[in-house]
Amino acid sequence: MTHTLTLNDEAITFEATEYDAEMISGAVKDLLSAEGFVNIDGEDVRYVLDGAERVSAGEGMASGETRFNDAALEAVKNIHDAKRLLVEVRSDVEVTLTEMMDAVIAVKDAADPDADLVWGHVIDENMNGAVKIIVIAVS
């Protein structure tokens, strides 16, 4: 089904299921508006999504010492052969750049090592040590 996302008064169209489209819209809105350590902009989103024939999304959440890797692997368990990836990493402020990079690398390696990847981080004080990762994949 074709969906439209509006950024800066410009429409981006993509093909996705209703469920994935809702997850995609929410993640994009968060990434563009929320405070984080790594931010993305509308051009990043446009690059990943615009004109995509097949877009899917996955979500992972985890706690504990290996939370970043665990959340990343859960988020990509149904994503294969991606050409472009948009990744939201959500955590509280108790995070290191190394942890975030490990999660992003795990996403890329699991989804497709040759995919182009854009990622951002969102600070959410309500995460209480947990990590949530949303992956938007264009095949």
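Colleague: Which helix is Ile-105 found in?
Modeller: Helix α4, which covers residues 97-111. Keep in mind that this is a predicted model.

Colleague: What counts Ile-105 as partly exposed?
Modeller: Its relative accessibility is 43%. Partly exposed is the class between under 20% and over 50%, so Ile-105 belongs there.

Colleague: Which residues make the nonpolar surface patch?
Modeller: Ile-105 together with Leu-97 and Met-101. The patch has an area of about 260 Å².

Colleague: Switching to the sheet. What's the strand order?
Modeller: β3-β6-β4-β5. The sheet is open, has 4 strands and shows mixed pairing.

Colleague: And which are the edge strands?
Modeller: β3 (55-62) and β5 (116-123). Each of them pairs on one side only.

Colleague: How many degrees are neighbouring strands turned against each other?
Modeller: On average 15 degrees, with direction ignored.

Colleague: Do β4 and β5 pair in the parallel or antiparallel sense?
Modeller: Parallel, over 8 bridges. Strand β4 spans residues 84-91.

Colleague: What is the bridge partner of Glu-88 in β5?
Modeller: Gly-120.

Colleague: Now the helices on the sheet. Which strands does α2 lie across?
Modeller: Helix α2 (residues 42-49) crosses β3, β4, β5 and β6, the last being 131-138. Against β4, helix α2 runs at about 135 degrees.

Colleague: And which strands does α3 touch?
Modeller: Helix α3, residues 67-75, packs on the sheet and touches β3, β4 and β6. The direction of α3 makes about 150 degrees with that of β3.

Notes: Residues are numbered from 1 along each chain as its sequence is written. This is a predicted model: local features need pLDDT of at least 70, side-chain atom pairs count only at pLDDT 80 or more; totals for chains, interfaces and linings use all residues. Side-chain values use heavy atoms; hydrogens and water are left out. Two strands pair if DSSP finds at least two bridges between them. Helices (H or I, at least four residues) and strands (E, at least two) are DSSP runs, numbered from the N terminus. Axes are lines fitted to C-alpha atoms, for helices over the stretch in contact, and angles run from 0 to 180 degrees between N-to-C directions. Contact means heavy atoms within 4.5 Å. Patches are made of residues with over 30% relative accessible area and no salt bridge: like charges are joined within 9 Å, nonpolar side chains (Val, Leu, Ile, Met, Phe, Trp, Tyr) within 5 Å. Accessible areas come from the Shrake-Rupley method with a 1.4 Å probe; for residues, only the protein chains shown count as cover. A salt bridge is a side-chain nitrogen of Lys or Arg within 4 Å of a carboxyl oxygen of Asp or Glu. Buried means under 20% relative accessible area, exposed over 50%, partly exposed in between (1.4 Å probe, protein chains only).
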